[in-house]
Amino acid sequence: MVDRGASALSLPDDWPAHPDPILALNRMGSFDWDLDSGLFHMDAQAHEVFDLRPDEYDGNPATLAIRVPPPEAYRLDGLVSQAMKDGRENYGVYFRIRCRDGTRRWTHTQGYIRRDETGRPRRIIGIVRDATDELAEIEERREQAAEDEARRQQTSVVQLTTAALAHARTVQDVIDVLKDTQGITHLGATSLVMGLVEAGRIRLVAEGPAGSFVPGTLVTRIDEPYPMGEVVRTLSPRFIESPEEFAERYPILWPHITDLNITAAAYMPLIAQARPIGAIGLLYSDRSGFSTQDRNVLVALGSSIAQSLQRAMFYEQEKDLATGLQQAMLPRTIPSVPGADVAVRYRSGSLGRDIGGDWYDLIPLPGGRVGAVIGDVQGHDTHAAAVMGQLRIVLRAYAAEGHTPATVMARASVFLHELDTDRFATCLYAEADLSTGVVQVVRAGHIDPLLREPGGACRRVPVEGGLPLGLSAEFGRLEYPVGTIELDSDHTLLLCTDGLVEQPGADLDDGMQALTALIATGPRDVRGLADRLIDVAEERGGDDDVALLLLRRRVLDAPQAGGRLQQHVAPGDPEALTGARHMIRAAVRAWSAGDRADEIELVADELITNALMHTEGSAVVTLRVLAGSERRLRVEVEDSSSALPRRREAGESGVSGRGLLLVDLLTDVWGVEARGGGKAVWCEFVVPERS
């Protein structure tokens, strides 16, 4: 250590016999070094500083070698020579001497360089003093500062590790925080082990670094002589402060870790709610003990880890429960549908235990028809899953009863509104006649379906929609418009929830465009395409669930005989009558009836109205396309009355009495057939061949 702040010094005339009283009072010795003669004169106090008797020193600087070790002497000579070379007037330096009893102590010297008129150094006068206490105090302050900094760093590490653990959802997340962050390494640990208590045993769940695993410790009994078992039994930490102590206390474990050069170790029980859930051990290779502060920091770290572990374990248990509930609510199997290939997929979001109310369903219906459902209940919790399960059941029941798609959706909305819940749901219901390819679609606040052609081109199919289920009933807006899609051979209908579409930073339209592009380049097979879409959703991540249903029509396998659209219309049910009219309008458009579409709709409506007005039961309307020498569209309206229809003259108002007249004028052929105890009025229209 060099002190460049030395000041000029003047020696009294009778020096060294009478030293400077001020210097003597401060236990400082003085010296006079004649550079021409080389003699180094010291007063009595300087002799005491160097621990020399007067008879042991002859004035030759080399004699001081008995007290100044060679390395220190070389350093002193170099510093003094450099000061003279630089033209400095003074210098100061700390150095160590070896006392006669073998102990070492610090000494400080200050020298003043006197030069002649040419600037040549001729003489150095200065002082020497014992600086051991001074430097010991400085060193103590430095050590204290270093210890305080180490404590601060350790406390900071506990805080940082605790903050990182706050984001851990699973047990593996906790392990990753401990092994992958710098928290443990900042504590100086060489190796880490952690185990969880399971059925009276400790199962090792984390160990590191690689190569430090001890055979036979993957699962150990709590009563075995291992440190983790001991801290779990006693609920107290164990601090091992030397290799000898480790070998003595744990002779079974010690031989397996000697290659790690362990010098100390700390094992803490992981206690949550007053019971041990595991243990953690930190092994060190550069520590010989633990201060009170060290122990407090490590115990605090163990407590933080225990709380995070328990939270993660609860999280996983709740997630398993919620996932099981949701899986129970979804269809276990999808029925085989003649004439169609179907694929369904479901992906849970990244919200841990939170699950959504997304669902899909496929409902076989009479007459070669099938209902496809996709929906999403508001929220991400078990309540959303429970509501989803109830909605799935009632939608299936309403569809199986023969209601129109619009009626199915309206009744489901009323059902949800009457539940004791504040949730709403978006839903899309598509009823497909696989023999004709006509798909009737009703949308309740859900995203539009997509249609993929055999060549791969994919497009969004805009469908006019109504309010989400629950909200439409609350606001009295239960009228759901029915859209129609014509599903040709090898065309694929895709229904999905918004988790497949929405992307961070992009709006819904951008997401739909990206999805259509992805579908266009995906596999032709519906199962392969479904897998591809879910893989992309997995890669993208996100907090929302994804439900997906794909239906591809295969005409060659579709039932040909009896292919038709059919609707039951009950008396006094305006919704059913409206649904039948929607179905007729959708069919004539989808089947390319050309300029006869309006005639067909008018005649069919007239026949249905007659059946409801002049009979006491319900009516069944059936539409089908007949192939032959010419393409015909046949309409049948069946009722339970055996009375034959008769033509009547129009009344004075001209409002009634024209039904059969219209039928006779607008149809190519019509007639009546007996059907059990009732009858069916039928008519046929020649329609153009489809291009």
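This passage describes a sheet, a strand pair and a surface patch in a predicted model.

Residues are numbered from 1 along each chain as its sequence is written. In this predicted model local features need pLDDT of at least 70, side-chain atom pairs count only at pLDDT 80 or more, and totals for chains, interfaces and linings use all residues, while side-chain values use heavy atoms, with hydrogens and water left out.

An open sheet is formed by 5 strands (DSSP runs of E, at least two residues, numbered from the N terminus) in the order β2-β1-β5-β4-β3, with antiparallel pairing (at least two DSSP bridges between two strands). Strands β2 (40–42) and β3 (90–98) each have a single partner strand, so one side of each is left without a neighbour in the sheet. Strand β1 (residues 28–34) pairs with β2 over 3 bridges in the antiparallel sense, and Asp32 has His41 in β2 as its bridge partner.

Strand β16 (residues 438–444) and strand β20 run antiparallel and are joined by 4 bridges. Val441 stands opposite Gly483 in β20. In a regular strand the side chains alternate between the two faces of the sheet. Along β20 (residues 483–486), Gly483 and Ile485 point to one face and are buried (under 20% relative accessible area, 1.4 Å probe, protein chains only), whereas Thr484 and Glu486 point to the other face and are not buried.

Val219 lies in strand β8 (residues 219–221). With a relative accessible area of 45%, Val219 is partly exposed (between the buried limit of 20% and the exposed limit of 50%).
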